[in-house]
Structures are given as C-alpha cells and as structure tokens.
Amino acid sequence: MMKKLCFALAAVATLTAAPVASAQVAGDLLVRARVVNIDTANKDSIANTEISVSNKTIPEVDITYFLSPNLAAELILTYPQKHNVSSSADGGQIGTLKQLPPTLSLQYHFTDLGLGAFKPYVGAGLNYTRFSSVNLGGGTLSVDKNSFGLALQAGVDYAIDKTWSVNLDVKKVQIRTDLSSGGTNLGTLKIDPLLVGVGVGYKF
C-alpha cells in the first residue's frame, strides 16, 4: 500500500509542470494529511521470550508553524491506534493494546539549495505515547501507561502551487514501556518504530 502511495505522489510531482513555489515566511501555517506506515523495531527480549508489537498503517494529521523561513515547529496527531501483541513463547497473539503517540519536533527547512519546488527538511523532537485499553495475557500482564522518547525526522515537500504540496516524511521514534506481571517488572518493551508517511499539505 505504501509503495503504491509513494508511486502516486511521485507521479503527481512529475506531471505537475513548473509549479509556482513560494518561500515560506514567519507565521505561515502548513497543515498536512498523511498515510503513515508504522514499522516496529521490537528489539526486546523478556525472560528469553520475544515480545512483538504489530506493524500498522494509520492516518495522521500534522500542523507545522513557521517561526522563520527556515525554522518551524511540527505537531503530529492521530487517534489511539490498536496493535496486536505476540509472544514467541506462546507462538501467537497474547493480546492487544492501544497507543496515542503525539510528537512535537523542531525542524530546519533548507531554502538555499536551489532545488526549486523541492523543499527538504530535517527535525528532532520529543514523543509522548499514552498506552490504553491494555489486554495482555488474559489480564495478567500490564504496561506503564506513559512513554517519553526522542524523535528524529527527515522529509521533503514538493510545491504544486503557492498553497498545495505533496510530502514524503520519515521519522524514527523512541517508544518504550515496562511490562509487568503481578507488580513484578518483567522487562522493557522497545517498540521504537520507523514511521514512513506520504501525504498532501495546504499552506495558510
């Protein structure tokens, strides 16, 4: 699905002839709608058992406010996403949980590379994830409800005209939570997903 969306956006960028690309200024507001693939790292091993959280494709909205032509703050938002959780010891699914992962990043937009309608950027920020609706091990397992971690980002906007653009965005986000049973800490779930998103943006 993500490959098809990437090809579609590339086709739009290729077929759009000579877009009128205006430089952003302080006070500009850019709102994007993205489709994002969550590819979880699942690097943890708890009591010699691999615990994995499922991958998922989700909708996302982000709001970017330009502090200057180069600096911007971005907030990404979605609704709580349900994931399956599996265990190598049990050979299958042990339950589900939901996560809500808003992320706030400070971005640097490159404006002097002579790339015309292509506007690359990099960013770094903080992720807060709230876990809810946890149903693991028939209710015998629990997780910490809150996770704070770092987020790194790189992406590019392609200006179709003065207001509309298409976007490709990649983030690596640190999301971790302790897994417990009967009050005993069993270890840390290191979800640490790679987020690859494509979408469209509108500048106000």
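The protein has 1 helix and 14 strands, where helices (H or I, at least four residues) and strands (E, at least two) are DSSP runs, numbered from the N terminus. Worth knowing up front: this is a predicted model, in which local features need pLDDT of at least 70 and side-chain atom pairs count only at pLDDT 80 or more, while totals for chains, interfaces and linings use all residues. Residues are numbered from 1 along each chain as its sequence is written, and side-chain values use heavy atoms, with hydrogens and water left out.

Now the overall picture. Of the 204 residues in the protein, 40% are buried; here buried means under 20% relative accessible area, exposed means over 50%, and partly exposed is in between (1.4 Å probe, protein chains only). Take the contacts (heavy atoms within 4.5 Å) with a separation of 6 or more: 66% of them come from residues 24 or more positions apart. The protein exposes about 10,200 Å², and carbon and sulfur atoms supply 63% of that, going by the Shrake-Rupley method with a 1.4 Å probe.

Next, the inside. Rolling a probe the size of a water molecule over the atoms shows where empty space is left. A cavity is a set of points, on a 1 Å grid over the protein atoms alone, where a 1.4 Å probe fits but cannot get out, and lining residues have an atom within 4 Å of a point. The count is 3 cavities of 30 Å³ or more. The second largest cavity holds about 140 Å³ of space, a volume being the space filled by probe spheres set on the points. It is lined by 17 residues, and Ile58, Glu60, Ile76, Pro101 and Leu195 are the closest to its centre. β1 (29–39), β3 (56–66), β4 (71–77) and β6 (92–100) are the elements that give two or more residues to this lining. By class, the lining of the second largest cavity has 12 nonpolar, 4 polar and 1 charged residues.

On to the backbone. Most residues other than glycine have a negative phi. Serine 133 and aspartate 192 have a positive one, although neither is a glycine. Here they are side by side:

| Residue | Phi | Place | Relative accessible area |
|---|---|---|---|
| Serine 133 | about 50 degrees | strand β8 (residues 118–136) | 49%, partly exposed |
| Aspartate 192 | about 35 degrees | loop between β13 (184–190) and β14 (194–203) | 6%, buried |

Finally, the aromatics. There are 5 aromatic pairs; rings of Phe, Tyr and Trp (its six-membered ring) pair if their centres lie within 6.5 Å, and planes under 30 degrees apart count as stacked, over 60 as edge-to-face and the rest as tilted. One of these is tryptophan 164 with tyrosine 202: the ring centres are 4.8 Å apart and the planes sit at 70 degrees, so the pair is edge-to-face. This pair links distant parts of the chain, with tryptophan 164 in strand β11 (residues 164–173) and tyrosine 202 in strand β14, 38 residues apart. Tyrosine 202 also forms an edge-to-face pair with phenylalanine 204, at 4.9 Å centre to centre and 70 degrees between the planes. Together, Trp164, Tyr202 and Phe204 form one aromatic cluster. As for exposure, tryptophan 164 is partly exposed at 42% relative accessible area, tyrosine 202 is partly exposed at 29%, and phenylalanine 204 is exposed at 59%.

Key:
1 Å grid on protein atoms, 1.4 Å probe; cavity = no way out; pocket = protein on both sides within 12 Å on 5 of 7 lines; lining within 4 Å. Nonpolar A, V, L, I, M, F, W, Y, C, P; charged D, E, K, R; others polar.
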